[in-house]
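The following exercises concern a predicted model. Each task is followed by a solution that proceeds step by step.

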Amino acid sequence: MARWKKKTIQLKDTYAWTAKPGCRIFVADRGAVRFDFPMHWVMEPTSDSIQFHDRPPPNDDCRLAVSYQRLPAIDWSGAPLADMLRQVIDNDPRGVTLTGEITDIRRPDLHLVWGEGNFIDAKELRAAVGRVAIGIGLNIQVLLTFDYWGSDAERFRSVWDDVLQSLRVGEYIPDPTRGPRS
């Protein structure tokens, strides 16, 4: 089981990270993974990821989960991320069916693919949407999943967009109280 340690630190006045209005910044491992998430959401560690919910479970309407791993220092530019994503979705025990095309995002420091699928939640017997993203940047592989009720799609699509737009991978900083420095 993974061990998570939450640490609250006092930030210096010259702190350089800023979040989109209405959001907070999640940072794992001094910058291995960083992204914005809605300010009022709750965060909880699990055995294999960090999860974010719009309300404390079991009364939540969505779950965003992130996990990452360090990779060997080699050239990952040819990694078949779309194939990896299809395999993750095909092996999902909930029976997620991929809908639409896989989106491919390339930045100088990150290659990311994501797709969306539908499934029926076994507990609630309700239609749900699952989004999955796999990315590699600076020898870090990140996996993001985002599940929400199909009826809440309009409410949560922008959250996914904000997470992906703000996602940074492998941007380590020596002093987390100061944030990044140019």
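**Exercise 1.** Which backbone nitrogen lies 2.6 Å from a polar atom of the side chain of Asp121? Establish also where Asp121 is placed and whether its charge is paired or unpaired.

*Solution.* Step 1: Asp121 is located in the loop between β7 and β8. Step 2: the backbone nitrogen in question belongs to Glu124. Step 3: leaving aside residues up to four places away in sequence, Asp121 touches Arg126 and Trp149. Step 4: Asp121 is buried but has no salt bridge. The nearest side chain of opposite charge is that of Arg94, at 6.5 Å, whereas a salt bridge requires the nitrogen and oxygen to be within 4 Å.

**Exercise 2.** Identify the salt-bridge partner of Arg94 and state the accessibility of both residues.

*Solution.* Step 1: the side chain of Arg94 meets that of Asp92 in a salt bridge, with an N to O distance of 2.9 Å. Step 2: Asp92 has a relative accessible area of 18% and is therefore buried, since buried means under 20%. Step 3: Arg94, at 32%, counts as partly exposed.

**Exercise 3.** Describe the order of strands in the open sheet, and explain which strands stand at its edges.

*Solution.* Step 1: seven strands follow one another as β3-β4-β5-β9-β8-β7-β6, with antiparallel pairing. Step 2: β3 (42-45) and β6 (97-107) each have a single partner strand, so one side of each lacks a neighbour in the sheet. Step 3: from one strand to the next, the twist averages 15°. Step 4: within the sheet, β8 (residues 127-137) and β9 (residues 140-149) pair over ten bridges, and Gly137 stands opposite Ile140 in β9.

**Exercise 4.** Determine how the helices α1 and α2 are placed relative to the sheet.

*Solution.* Step 1: α1 (residues 81-90) lies across β6, β7, β8 and β9, at about 145° to β8. Step 2: α2 (residues 153-166) packs on the sheet and touches β5, β6, β7, β8 and β9. The direction of α2 makes about 170° with that of β9.

**Exercise 5.** Compare two salt bridges that involve helix α2.

*Solution.* Step 1: Asp162 and Lys20 meet at 2.9 Å, N to O. Asp162 lies in α2 and Lys20 in the segment before β1, 142 residues apart. Step 2: Asp162 is buried at 18%, while Lys20 is partly exposed at 41%. Step 3: Arg157 and Glu154 have their closest N and O atoms 2.5 Å apart; both lie in α2, three residues apart, about one turn of the helix. Step 4: Arg157 is partly exposed at 32%, and Glu154 is exposed at 65%.

How values were computed. Residues numbered from 1 in each chain as written. Predicted model: local features only at pLDDT ≥ 70, side-chain atom pairs only at ≥ 80, totals over all residues. Heavy atoms only, no water. Pairing = 2+ DSSP bridges. Helix = DSSP H or I, 4+ residues; strand = E, 2+ residues; numbered from the N terminus. Axes fitted to C-alpha atoms, helices over the stretch in contact; angles between N-to-C directions. Contact = heavy atoms within 4.5 Å. Buried < 20%, exposed > 50% of the residue type's maximum accessible area, 1.4 Å probe, protein only. Lys, Arg positive; Asp, Glu negative; His and termini not counted. Polar contact = N/O pair within 3.5 Å; in protein donor to acceptor, adjacent residues only side chain to side chain.
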